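Subject: Handover of a structure and findings

Dear colleague,

Please find the structure below for your records. My findings follow it, beginning with the ligand and ending with the helices.

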Amino acid sequence: MQCNQLINAIRRRLTISYAIEIHNLRKVYKVGSEKIVALDNVSLDITPGEICCILGTSGSGKSTLLNLIAGLEKPSKGTIKINGKHIEKMTEKDLARFRQRNIGFVFQSYNLLSSLTAQENVSLPLIFRGIKKQVRDELAADILAAVGLKRHLKHKPTQMSGGQQQRVGIARAFVSKPPVVFADEPTGNLDSRTTLEIMELMLEIAHENHQTLIIVTHDSHVASFADRIIHILDGNIQKIKKKENVIYEI
Ligand code: ADP
Ligand code: MG
């Protein structure tokens, strides 16, 4: 190997690879003739396996930031890389495919399909991944058992409590083991005891599979579970706080 090649190889090794890299993000919404700057000049890097919370009051720009990073909306300016891929440059078709393979999403209001059972809801992302039915059913049953819903495989959303529906939502987000999972106010509709259970569950699964988890919340107790808290105010990062001495059981 030539000297130059060796130096480049060492350089590549030493370069930190981030799960998410966002640079100078800006999002402007137009409402009639008015412009609303929902996000401005936001830059952030997130490492693989990190648990991050985006914390801020209502209207501060949390959901806008999450939706941009998750590829659900296009930025007005700036760049977003997930696993080294620029998602802001992708066509809708490529982005949809990329999301299916790389991203899971947990919603505040669960977003389960009411006509489907828990097992069918959880199987959905696996259909898009081209996995055959028998395997889909098994994987969905396994993860539903892991989230404590072994006896609820055939239940429909209306036959379950809010906490149980969110467990189904979590199972659906994690079933295909995407490297990155986003959750927008995942405990926003739940009581404090269920909130604790849901947070512990999401963190446990994410740690087990070394998945990156980004949670949006207005609740500082929920944020206290994270490795890093990104404080958002008026569309900007106000401060970033890191949890000290985090020890995970492996
Ligand atoms: P948060 O999730 O922190 O409550 P959002 O990201 O939803 O805040 O909103 C940030 C700002 O952008 C708010 O002023 C909100 O009204 C505005 N906004 C969000 N989405 C839209 C939209 N689709 N059209 C117009 N304005 C929007
Ligand atoms: Mg929001």
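Three elements, β1 (20-31), β2 (34-46) and α2 (62-69), each contribute at least two residues to the shell around ligand 1. Please bear in mind throughout that this is a predicted model.

Of the elements in that shell, α2 gives the most, with three residues. The full set of residues surrounding ligand 1 is Y29, V31, I36, A38, T57, S58, G59, S60, G61, K62, S63 and T64. By character, the shell comprises four nonpolar residues, seven polar ones and one charged one.

Polar contacts with the ligand

Three residues of the shell deserve separate mention, since each places an atom beside an oxygen atom of ligand 1. For T64, a polar side-chain atom is 2.5 Å from an oxygen atom of the ligand. S63 likewise presents a polar side-chain atom, here at 2.9 Å from a ligand oxygen atom. In the case of S60 the backbone is involved: one of its N or O atoms lies 3.2 Å from an oxygen atom of ligand 1. As for the ligand's surface, ligand 1 taken alone exposes 560 Å², and the protein buries 62% of that area.

Packing of the helices

Two packed helices are described by the angle between their axes and the distance between the axes. I report three pairs in those terms below.

Helix α4 (residues 118-128) packs with helix α6 (residues 162-174) at an angle of about 25 degrees, and their axes are 7 Å apart. Angles under 35 degrees count as roughly parallel, and α4 is therefore roughly parallel to α6. The crossing of α4 and α6 is right-handed.

Helix α6 also pairs with helix α7 (residues 192-208): their axes come within 11 Å and cross at roughly 15 degrees. By that angle, α6 is roughly parallel to α7. The crossing of α6 and α7 is right-handed as well.

How are α4 and α5 oriented towards each other? The axes of α4 and helix α5 (residues 133-146) come within 9 Å and cross at roughly 120 degrees. This angle makes α4 oblique to α5. Their crossing, too, is right-handed.

Yours sincerely,

A colleague

Notes: Residues numbered from 1 in each chain as written. Chains lettered and ligands numbered in written order. Predicted model: local features only at pLDDT ≥ 70, side-chain atom pairs only at ≥ 80, totals over all residues. Heavy atoms only, no water. Near = heavy atom within 4 Å. Polar contact = N/O pair within 3.5 Å; in protein donor to acceptor, adjacent residues only side chain to side chain. Areas by Shrake-Rupley, 256 points an atom, 1.4 Å probe, with all protein chains shown as cover. Helix = DSSP H or I, 4+ residues; strand = E, 2+ residues; numbered from the N terminus. Nonpolar A, V, L, I, M, F, W, Y, C, P; charged D, E, K, R; others polar. Axes fitted to C-alpha atoms, helices over the stretch in contact; angles between N-to-C directions. Parallel < 35°, antiparallel > 145°, perpendicular 65-115°, else oblique. Left-handed = near helix turned anticlockwise from the far one by under 90°.
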